[in-house]
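Student: I should like a close look at a single helix and its surroundings. Please set out which of its residues are buried and what covers them.

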Amino acid sequence: MILTIASEHVPSASTGIAASLAAAIARRRARAGRNVLLVYQDPEMPPAGWLATAIKTGAEIRSIAAQDIGAELAAAKSSYHDILVHLPKRDDDGSRGALANADLALFAISAENWRADEAQAASMHTASALRPGLPLVALIDDSPAGQQLMSTLSASIASLRFLHLSATKRDDASLGALYQALYGHCCSACA
């Protein structure tokens with residue numbers, strides 16, 4: 001299964017929520033005996049530079065050009081149980097290639113910061129346009145602002161499901177609940 005993870009831009013967090021979630025879920029899946037590939041964009045590389053790290057089978061890091069992400073993910077499906085992709089902020093060939101090959105797209109949203117970053121909404125619309133049947137899941141807090149945002153997003157993206165967990169809290173309990181929700185419930189149709 002290919003799972004893409006994106007979060008809105010939080011200026012104070014240099015690595016970002018999505019990168020942390022992707023790495024944490026990849027490690028957890030590997031500890032469960034799964035052969036996992038973690039794909040992410042390296043901020044030190046040119047804008048189109050992506051990296052792939054095999055988790056469990058060794059730390060084999062290799063570079064992938066943005067235009068090759070789709071082919072890389074399609075080929076990797078036969079070698080890996082799980083592929084987690086951290087989507088960058090920009091809409092580029094790599095992001096579109098990852099979304100076009102995804103089996104599930106997760107978007108971590110902080111309701112209080114939603115208006116500050118329209119790239120997240122654009123990414124959700126891109127995902128639903130590239131793959132109309134793609135399950136989209138929004139990780140959003142259950143605050144009044146979160147409830148209002150859920151209503152707004154539900155009206156514009158029909159296939160969007162919601163998980164009521166903190167989009168910014170990254171402790172073991174929150175990660176465990178997210179992991180269980182993704183692999184216990186949301187992904188049963190994808191497996």
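Tutor: In helix 5, the buried residues (under 20% relative accessible area, 1.4 Å probe, protein chains only) are Gly-146, Leu-149, Met-150 and Leu-153. Seen down the axis of helix 5, these buried residues fall within an arc of 110° (taken from the directions from the helix axis to the C-beta atoms), so they line one face of the helix. The face turned away from that buried side carries Pro-144, Gln-148 and Ala-155, which are exposed, that is, over 50% relative accessible area. The model is predicted: local features need pLDDT of at least 70, side-chain atom pairs count only at pLDDT 80 or more, and totals for chains, interfaces and linings use all residues. Residues are numbered from 1 along each chain as its sequence is written, and side-chain values use heavy atoms, with hydrogens and water left out.

Helix 5 comprises residues 144-156; helices (H or I, at least four residues) and strands (E, at least two) are DSSP runs, numbered from the N terminus. Its 13 residues reach 19 Å from first C-alpha to last, close to the expected 18 Å, where the expected span is 1.5 Å times one less than the number of residues.

The cover over the buried residues of helix 5 includes strand 6 (104-109), helix 4 (119-130), strand 7 (136-140) and strand 8 (160-164). Leaving aside neighbours within four places in sequence, Met-124 is in contact (heavy atoms within 4.5 Å) with residues including Leu-153, Phe-107, Ile-109, Leu-136, Ala-138 and Leu-160.
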